[in-house]
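Here's a quick tour for anyone meeting this structure for the first time. Have a look at it, then read on.

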Amino acid sequence: MMHSQPILNDSSSTDDVEAFPDGLKDDYPLRKFDSVYEVVPGLRKDMPMKEKMQILLKFYQKEIVAAIEHADSSGQKFIIDEWSRGEGLGGGITRVFQDGRVFEKGGVNFSAIYGTLPAAAVQRMKANHKDIQIPESGKLPFYACGLSLVIHPRHYLAPSVHMNYRYFETRNEDGTPQSWWFGGGQDLSPMYYNEADAVHFHALLKDVCDHHDPTYYQRFKKWADEYFLIKYRGEARGIGGIFFDDLNEKEAEQHFLFVADALSRFVPSYLPAVRRAYEPSNDPRPTPEEGKHWQGLRRGRYVEFNLAVDRGTSFGLQTPGSRVESILMTLPKNASWEYNYHPTSGSLEAKTVDVLKNPKDYV
């Protein structure tokens with residue numbers, strides 16, 4: 001079912017971009033680690049993991065949507081598109097935002113689906129999951145749920161952001177769980193590199209990782225640096241964050257608590273970076289005309305990564321019956337390409353590209 005409302009005019013005047021939005025004046029307090037059962041209504045430790053993940057992800061979908069709407073300061077609301085794959089096959093809730101005051105476009109999508117993996121897919125999975133048992137039919141039932149978001153702000157000094165957390169389990173023919181794992185992460189894509197944004201974003205992710213396992217941050221940061229690389233350009237999509245997949249090395253409950261704590265850090269790690277774009281600064285800054293031009297080119301790189309590199313996008317688009325609009329909601333509303341464009345040496349744009357070509361330690 002689609003719920004919509006009138007879309008605001010796409011006004012990107014200099015005054016509109018520069019004026020400080022009231023909704024960004026808030027503080028973003030940090031929740032206590034391991035407090036998910038106190039925070040999320042209806043969540044219990046004795047629930048099956050698939051039910052716990054659904055409740056957790058739906059809770060954070062609503063919370064993040066509310067935070068983005070408030071920060072946008074326009075009264076604009078997300079469009080809500082509830083969908084189903086058919087009886088017994090699951091579905092999801094797609095929430096899309098466009099043409100706000102602070103945010104040009106974004107989506108926060110939840111899905112929980114059941115299906116059957118073909119023999120070829122099962123054989124590929126067994127490379128990383130030796131405990132998978134293949135039924136005589138050769139087809140393997142599965143369950144997957146996830147929360148995925150991408151936000152593209154209007155201001156050229158505010159970074160785009162991506163987040164995804166998911167849970168996957170293969171199932172026996174009687175419906176009981178068989179093999180399971182978690183995946184996900186979040187990463188930041190600035191138009192102009194800002195050290196304060198980078199340090200704050202990575203510091204909160206490192207705190208979450210260190211609380212759950214002191215090896216996580218370096219492992220998952222390295223994984224993000226490698227995954228979000230546009231190899232043919234020799235540069236990353238952004239300044240990374242964390243990325244992980246096939247995570248099942250501890251008890252499932254421990255991984256669940258890690259994902260819950262990481263989700264709790266999304267708003268506090270991201271919205272301060274958007275706010276900083278509107279705050280006065282003594283640092284060098286581009287003119288609005290220079291900033292919008294460069295933003296278009298960086299958004300072009302974002303499109304390239306999503307369509308030419310990202311495995312998830314490719315898998316989704318090649319899957320029969322996939323929801324193409326939900327998959328492509330990750331793309332910015334506006335992007336541009338210029339033939340053989342290179343920023344001027346020593347410019348703010350060139351300094352940003354240098355960071356994207358040479359990943360660094362931020363914390």
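## A buried leucine

Leu 204 counts as buried, because its relative accessibility is 8% and buried means under 20%. You'll find Leu 204 in helix α5, which runs over residues 195–212. Keep in mind that this is a predicted model.

So who keeps Leu 204 company? Setting aside the neighbours within four places in sequence, Leu 204 is in contact with Leu 30, Arg 265, Pro 268 and Ser 269. Then there's Phe 266: it sits 62 residues from Leu 204 in sequence, with 8.9 Å between their C-alpha atoms.

## A leucine at the surface

Now hop over to helix α9, residues 288–309, which is where Leu 307 lies. Is Leu 307 buried or partly exposed? Leu 307 counts as partly exposed, because its relative accessibility is 48%, and that class lies between the 20% limit for buried and the 50% limit for exposed.

Leu 307 also helps to make a nonpolar surface patch, together with Leu 317 and Val 324. The patch covers about 240 Å².

## The chain as a whole

Time to zoom out. The chain has 363 residues, and 52% of them count as buried. Its secondary structure includes 12 helices and 10 strands.

Among contacts in the chain with a separation of 6 or more, 73% are between residues 24 or more positions apart. As for the outside, the accessible surface of the chain comes to about 16700 Å², and carbon and sulfur atoms account for 52% of that surface.

Terms used
Residues are numbered from 1 along each chain as its sequence is written. This is a predicted model: local features need pLDDT of at least 70, side-chain atom pairs count only at pLDDT 80 or more; totals for chains, interfaces and linings use all residues. Side-chain values use heavy atoms; hydrogens and water are left out. Patches are made of residues with over 30% relative accessible area and no salt bridge: like charges are joined within 9 Å, nonpolar side chains (Val, Leu, Ile, Met, Phe, Trp, Tyr) within 5 Å. Accessible areas come from the Shrake-Rupley method with a 1.4 Å probe; for residues, only the protein chains shown count as cover. A salt bridge is a side-chain nitrogen of Lys or Arg within 4 Å of a carboxyl oxygen of Asp or Glu. Helices (H or I, at least four residues) and strands (E, at least two) are DSSP runs, numbered from the N terminus. Buried means under 20% relative accessible area, exposed over 50%, partly exposed in between (1.4 Å probe, protein chains only). Contact means heavy atoms within 4.5 Å.
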